[in-house]
Every structure is written in C-alpha cells, then in structure tokens.
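Work through the exercises below with the coordinates open. Try each task before reading its solution.

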Amino acid sequence: MTDKARSTKLACRNVWKVFGEGAERAFAKPVQRSLEARLAALRDGGHVPAVADVSFDVAEGECLVIMGLSGSGKSTLVRCLSRLVEPTSGEVIFEGRDLMRLSRRELTEVRRHKMGMVFQAFGLLPHLTVLENVAFPLQVQGVGEAERRKRALEMVGLVGLAGREDAYPRQLSGGQQQRVGIARSLAVGPDLWFLDEPFSALDPLIRKQMQDEFLRLQRTLRKTIVFITHDFLEALKIADRVVIMRDGRVVQIGRPADLVLNPADEYVARFVADVPLLRVITAGDVEEPVGGACAAHGGVSRSTPIEALLARLADVAAVPITEDGALVGQVTSAGVMKAVAAASARADRGWTVERA
Amino acid sequence: MSVLDIGRGEAAPMRLRLEPAAVVWICVALLILWCETAGGGVAALHAFPKAWTLPIATWIGDAVAALIGPTQGFFRQITAALTLPLSALQAVLGGAPWVITTAVAVLLAFRAKGARLAAFTAAVAAYVLVGGYWAPTMNTLAAVALATPIAVLIGFGLGVIGYRHAAARHGILVLLDLMQTVPTFAYLIPILVLFGFGPVVGIIASAIYAIGPMANNTMLGLAQVPLAVREAGEMSGCTRRQLFWRVEFPSARSQLLVGVNQTVMAVFAMVIIAAVIGGADDIGFRVLQTMRQAQFGQGLLSGLVIALLAIVIDRTTAGFAAASRAPVRRLSSRTLTVIACALAALYVAAWLQPALDAFPTEWTYSPAEALNRWLLAFVARFGDVMIAIKNSAIFFLMLPLRIGLIKAVSPFGWGFTLTPAMIAGYWAVATIAAGAALLFGGRWRAAFAILGVAWMLFLGTTGVAWPGFVAVVAALAWQVGGARLGAFALAAMAFIAFSGSWGDAMQSLYLCALAVVICVAVGGALGVWAAENDHVSACLRPVLDTLQTIPQFVLLIPVLMLFQVGEFTALIAIVMYAIVPPIRYVEHGVRNVSPEVVEASRQMGCSRLQILRHVKLPMALPSIMLGLNQTILAALSMLAIAALVGTQGLAQAIYVALSKADVGKGLVAGLSIALIAMLSDRMLKAWSRRAQEALGS
C-alpha cells in the first residue's frame, strides 16, 4: 500500500450533526465531560446526534467506504461532507479549504466542478431524457449545447448505455437508472466522488454486475471516493479502507483485513463474522520472517490474497514473498491456520456474548 | 368496554369502575334531562334568547364599510383594468368564425386524450351551435379564459410561499380552509361591495374562489419532489433559482397541471354561479333567467350546455395533466405546419362563405317547446305520484327531524295526534333499546347514541334545548379530538349563537343531516355493491364523474322541474350532489382491503357476507370516515346553492343578504356554515385518524 505517499484530498475533523429543535443551542453548551456523557445529555434533551465527533482523512485516489447499519449516521455524514446537510460543528477540509467557511456561492462552484454524487434512490429528473439528465450538471454551469452533448454522450457510453440516450428515466430498469446517475455524477469530471448506497436498491445479480463495473471505472478514473454501504462484502470488494460507524460514531477505521484480523470491538467482530476470511487476508497479513532455505523463485507480492495461494500451500511448506524481486518474507500453512483459528475463535466469543 | 366493570371472580370483591368518558356523557344526559323537564318551562333554554345576541353582523358591516372608504378606489381600478382584457377576449372568441374555434377545441381534445374526446367535443360544439347557444357560451369561455390565469398565478405564488416558509404555510392553510368552506354566495357579497357590479366582478369572484385548488396542489406537488432529486440538483451545482425552475418545478409538473385542471373547473363553476349577480349574457345567466321564468325546457337545454362544456373542459385539462406523466411526445414541426395551414385554409373558407363564420340562425333548432309540452304531459300524468312522494317525505321524514315528532305528528299529516300513552311508549322503547345495548352488549356508547337519536327525533333539531345540543357536540368533539377540539366546538357554537344565527343554523342542520343520512345509507350500499361487483362499478363511474364535474347549479334544474320550489327539492338536489363521495370512498376502502387478509379469512371459511361484515368493512373504516367527511362538506356547499330553490336557514340568509348587498349578515351566516363545516371536518378526521391508528397502519 502506498497510502502515505498520497496527499490528503479530504479531511473531516470533529464533525457533528445534531438534529432536533434548538440543537445548535444545546450543542453549544460548555463541555467538560466525556463524549459518552455529552451524547447522553443531548439525547436526554430530545436531540438526535446523528453524527458524533467524526474525524478521518481520505487520500487522493483512495476509495474510502463508510459502513454501518441503517440509522448509524452514515448517510448524514456523507451529506455533511458536501454540506447537503449543514453540520452542527466541525471542519471539512477539501483541497486545503474548509468547506464550512465557504459562502453559498463558493460552495455551488465547488459542487459544480469538483464533486459528483450518486444517490440510492437515483434522483433522476423525470422530465429529462437520459442524455439531458447526464448533461444537466453541465447545463446549470452554462456549458454550451454542443460541448454538453459531446461530454454527455461520452459519459453515457462509459456506463454502457449507448443507444438509450433518448429514453426517459421511467422507461429504464433500476440498474439502468443508476447507470444514468453514475454518468451524471461523472459528467463534470469531479475530483471527489460520493456514492450513497448506490447499489442497495438493486437486485443481487444486478448489484454484483454494477460493483464490477464500478471497479472497472475506478481502475481507469482513479477518483477520490467516499462510498456508503451497509453491505460488508461490498465494502471488502471495493474499499481501500473502511470506516465502521455505530450510533453516529466511528468505531474503527482500517483496511478490510485489519477489521477482520483485529476488530476493535464486538460490534465490528459481528459485522465481519461471516466474511470469507481467506479472500480478505493477504500474504502481507500473515507474513513471517524467512527461515531456512527459501528461494525467491516463485515469490508473490504482499497484497496477494491467501485464497490464491491455497493450492501451492497444499504442496509446499512455505511460499516466498518478494518485493522488487528481493525476498522479504514467507507465508506458511501454519501461519495461515493460526490467523484463521484466531478469527474464528473471536467469532465464537462474539456469539457467546450475544447469547448471554 | 363496558361502563361498569364488574369483577366476577368468586373471591374477589365486587368492583365498580367508570370510564371518565362515560362520566362526561352521564353529565350531558343529566343536563339534557334537566333542560327538557325541570327547565321545560324556561323559553331561554329552547330558543337562544334574542337579548343575549351581539350585533356581530353590524360590527362586520361597519368594519367593511370603514375599510371600503379609503380602498374602494383601488379595487374599482382593478375592475376597470380587467374590463379591457375581458372585452378583448369576448371580441376574439365571439368574433372568431365558429369553424376555427371548433377546430381548435377538437384538436386540443385530440391531443389531450385522443379520438373519443375529440369526437365528443365536436358533438358538444354541434349541440351548442344548433341549439343557438354559441354567443353566450363564448362569453362564458371568455370569462373562464380571463379568470383562470389570474387564479393559477396567484394560487401558484401562494403555494410556493407556503412551501418555502413553514410560518406562512399555517396561515395559508387556514385561509384556504375558510375559502373552501365559506359558501360561494357569502363571499360574493363583499366582492360585490368592493369591486362594484358588472361582468368583471363575476370574474374576480371566480378567480379568488379558484385560488385554493392551485395553491393546494402547488404545495403538494413541491413537497412530493423526492429528496434525492432535490439533492442531485444541489450536487449538480444548481443555484437556488436553478434548483427551483429546473429541478423542483418540472418535477412537480404533473401535480401542478392537476391544480390547473381543478382551478379551471372551479372558475367555470363560479362563473356560472356569478350569473346571480348578473351582468353578462353568458350561459349561466341564460339558465338562471329561464329558471326564474319557469321555462323548464329552455332551462334544461341551456343547463345541458353547461354540463357538456364542463365535461369537455375537465377531460381536456385532465388529459393534459395525465399525459405529462408519460414521456413527452413533442409535435414535429411538420405536423404543426400542417395544422397551421389547415386552420388558415378554414379561415379563408369562413371569409368566403359567411355560413362558416357566423352560424346561420335558420340552421338552429330548439326542442324547448316540445320539451315543455312533454314535461307538462308528464306532470299531468304523474303529478299525483310526485306530490305523494314529496308529501310523504315531508310529513314522515323532514318535519319530524325539523320540529320533532311531538309537533309533526298531527291529524293533518299522520292522521292522529300523540297521546301521553304513545309518548310514554316511545320513551319506553328507546330506554329498553338503550338498556339492552348496555346490559347485553356492554356497549355504553351505543346506549347513549340510541337515547340521543330518540331525543333528537322527539323534539327535532329546532326543538331541542340548545344547552343540551351544545353539550352533546362539545362532548363528542372532546372525545374524538381532545380538549383543543372541544374548545373549538364550544367557540364555534358560541359564535353561531351570539351572532343570532342559532335558529337558522338548526334549520340548515336538519336539512343537511337528513341529506347526509340518505347519502350515507344509499351511497354506502352502492359503494359496497360497486366494490363487490365490477359491472356495477363500471356503470356507476361515468355517472359519478358527471355528477362531480358539472357545476352544482345545473343539478337544480331537473329536480326543480319535477318537484317545484321547496325544501324537498333542495333535499333531493343536495343528495344528488353529496352522494358521490360516500360511493367513491366506500368502494375505494372496501376494494383496497389487503388481499392477504381477505384470502386468510376465506381460507378460514368465512362466507362472502361474513368477510364483508367482519373483515372488509372494519378495515375500510378510516376510508369510510373520510367519505362521510366529504359528504358533509359537499352537502353544506350544495346547501348554499340550493337556497336558490327555497330553503330556510343559513343559506337562505346569505342569499337574502346577497340581494340586499348586506355584507355583515351575509358574512355572519357564511362564517356560521364554514364553522359547522370545519367542526365536522376536524371531528371526522380525528375520528378517522383514531380508527386508522387502531388498525395499526
């Protein structure tokens, strides 16, 4: 992973969103207590802290997935990042500028040129055709007709809807509508791409297909992405890092394998309990120092999933890990077994706690 | 739940527990008992004492007069400003060759809803032309064409303000509520005083009247724009203005067009009614004139013009509203050119051939005389039957409800007088029925209801002691809607009583109550039948559509022909209009009961009747309540129009005030009706909500 080498694109610092009448005032009261006490005080006052003291960074070109059950505040959080919902407090720093300090006009400019968003419910304009929908963000910023059409056609082609340009949203299936939503969000060439449960409203098979297409798009576009989902398998598939939320708070941030191998608490452990472990952990996660005679020949990279090594591990004791041709470590069957055993023991504990 | 909860355990001691609601009702019953017996001799308990009334009507009259002084100039200027566009529209519509007007109407109908409506429109145009109603029809259409855009623009503006600002929304909703419930004639009076007489005043009244539906639909449509669509617009970088005009407005378009459709229909109905204040030679005036002169043939023929026009306008505008939900089919420029050329050719033809320009009078034909002769023959043949029907309804239904059995049972109508033994028997039967409901069913609410109805029937709405009536209504309101609704009920009745309208209100109440009971009984049965039988439903639908579309005024004509002036005629007219909602709502409610539940009960072996009785009707209750609510509102609004054929009470008071341009009296009576309407609306909605909650949905 080269995360550290990349610059931070979007940073969110102590963001709060409290709903309810007089929430601003209730929130502004002096705080000397813990986060827990503060949340309890807000709830007692009839307020709903949907997002509580959330901080994280998103690096350029990174795909950050925000995950949680419904009601955990993830949709509100992503709206705070674009100020579709006005945060109660905190900073959202995008390319070095605090979005909270922007005027409405400046914010509109940022949205016009730098941000794109895909919605769970699609949010297509019913009175416009596919092409007009995709061209809409260009139209509102005053791009000329010919240029608009060219860019929109390009985007429609990119999401595989060529030939349906003149259809109206209601004539399309759910999957097709979301393709239009994706094309529209990409039309202005945004740097930052928000996707709010984009595939949750779709059938399982279509969802899988759309996820694959999303990965294909991302491989060529390399956008900075904040992706919301409640499906951990979806998160595994696409995330560089995952933020797990519960009741408005961040429970854990890490690579998918980190969450599986070292869940911060039982909530996370239960989330990841059904995960196909061998697909998540990589050679790097179970890396051991090289012992004895192990040749660099046939070495794999650290990011190789263990699943891909199973056949080899059945035959040989150790598979070498190489970096730029140099031997750096090895994967052994015993090491893999240990990791699996630890994870399943944790999952068992999770169950007993829940039953008790 | 039973009023007395008696512990039946062997060891447990006897326990008596009274629900608080039952305590209230026992108090109400005791109050009534005292009023009708011990206080029986006190006149102040029966007729609300004149000495207690306040000169509210005079106050309002003075206030309006004070307001008019400085502002009248302004209002009269509006009148003057509208005169020019009205005459221009009349000149254009009246002057255009009939072939052109007809062709445009037919094309619009075709575009809106296809060939059938186009053919119907052509037939209506032919009827209007041949019947000789072209000129007044064009005048009416000119008025509609002027009032509609005004109403649409103001209504849209109000709707947008209401949607944007939560604070303003509340005020706007109250205003719209008042405008919907104050009878039309009542607010014709201040408009008359402010804007003066003449055809333009009718247009202003129509425009104001029709603001409501547009404002309501605008708020509804904008509120219904999905959040995701709005957020997508914001994320696309829309400015506020772009967000409104490019995202919210087009997304709400269908609902806005529904608003336009309802606005046109409201304008049309009001333009017809505005004929009462006179001025223009339009179709409403023709109908009114023929009705006043008892020329029923002519009245029927011109009334038919109104009904047919209403159907064409409604279906055409509704067609455009519905079409906007489907993908837009834009007309190609070639089609447009062809149409334009065809219209130009027609115009040239009309210029060359005068018969195509102005419809020749020798081509017109009116069967009015034949119709009149036929009608006379019909009355001569069936007059006895008609009178018999009317009289029995009056003696056995209307009078008992109005003045009570105690006065209505007379040798003249019934052939005997009530003896003390009969009275004792009547009360014994009522008491036994109530007691049976209490003891065997444990249903104390039913017991009180039985006693209440017996009381009402015995003394009539105008005969019952007013403190008792006030107590019953207030207790009902309190029970269904809590303390606030109870207080509103008290305030509303206080206004009616202290403004001196109590007697009138009770006169109106009896007529409306009777009409509502008939509507619910007949309409409810038809609704159930229609829900269970697709053929019945299909047969009823066009009838209901027509009854709902045509202006209320037209309904009076055939009833008036058959039964002459009087309250019975008014009753039938009200029933004809107010029977639509119970049929519609009952059918809708019964049909929409979840099929899983019906399937489950069928599987358990319920017969069709059992399913209806135990499953469908209870589950449809919230919808049925809403239907009852709409029935009452419809009855009250028709009551105001029915004043034209002779009623007593509030509506008549308004009509009289209108002829004298007495703003104070008219508004007091109008507000009284509005308060009754609002009170019953709040009570039934609260009740429906409770029923809905009880069903857990």
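**Exercise 1: two backbone outliers**

Glu95(A) sits in the loop that joins strand S4 (89-94) to strand S5 (97-98) of chain A. The model is a predicted one.

Task: state the phi of Glu95(A) and classify Glu95(A) by its C-beta neighbours.

Solution.
- Step 1. The phi of Glu95(A) is near 50 degrees, a positive value, and the residue is not glycine.
- Step 2. Set this against the general rule: most residues other than glycine have a negative phi.
- Step 3. Count neighbours. Glu95(A) has 16 C-beta neighbours inside 10 Å, so it counts as partly exposed. The buried class needs 20 or more, and the exposed class 12 or fewer.

Task: repeat the analysis for Gln564(B).

Solution.
- Step 1. Locate the residue. Gln564(B) is in the loop between helix H24 (552-563) and helix H25 (567-578) of chain B.
- Step 2. Read phi. Gln564(B) has a positive value of about 60 degrees, although it is not a glycine.
- Step 3. Count neighbours. There are 16 C-beta neighbours inside 10 Å of Gln564(B), so this residue is partly exposed.

**Exercise 2: a helix length check**

Task: compare the expected span of helix H29 (residues 621-642) of chain B with the distance between its end C-alpha atoms.

Solution.
- Step 1. H29(B) has 22 residues; at 1.5 Å a residue, it should span 32 Å. The rule multiplies 1.5 Å by one less than the number of residues.
- Step 2. The end C-alpha atoms of H29(B) are 30 Å apart, which agrees.
- Step 3. Add the burial. H29(B) is mostly covered, with 19 of its 22 residues buried.

**Exercise 3: domains in chain B**

Task: describe how domain 1 of chain B meets domain 3 of chain B.

Solution.
- Step 1. Set the bounds. The domain assignment gives domain 1 (56-95 + 132-329), domain 2 (374-459) and domain 3 (499-697) of chain B.
- Step 2. The C-alpha centres of domains 1 and 3 of chain B are 24 Å apart.
- Step 3. Each of these two domains of chain B puts 34 residues into the contact.
- Step 4. On the domain 1 side, helices that supply at least two residues each include H2 (56-95) and H14 (296-323) of chain B.
- Step 5. That side divides into 26 nonpolar, six polar and two charged residues.

**Exercise 4: the chain contact**

Task: which helix gives the largest share of the side of chain B that touches chain A?

Solution.
- Step 1. Chain B brings 18 residues to the contact and chain A brings 20 residues.
- Step 2. On the chain B side, helix H10 (227-235) and helix H11 (240-251) each supply at least two residues.
- Step 3. H10(B) gives the largest share, six residues.
- Step 4. The chain B side holds nine nonpolar, five polar and four charged residues.

Definitions and conventions:
Residues numbered from 1 in each chain as written. Chains lettered and ligands numbered in written order. Predicted model: local features only at pLDDT ≥ 70, side-chain atom pairs only at ≥ 80, totals over all residues. Contact = placed C-beta atoms within 7 Å. Helix = DSSP H or I, 4+ residues; strand = E, 2+ residues; numbered from the N terminus. Nonpolar A, V, L, I, M, F, W, Y, C, P; charged D, E, K, R; others polar. Domains from an automatic or database assignment.
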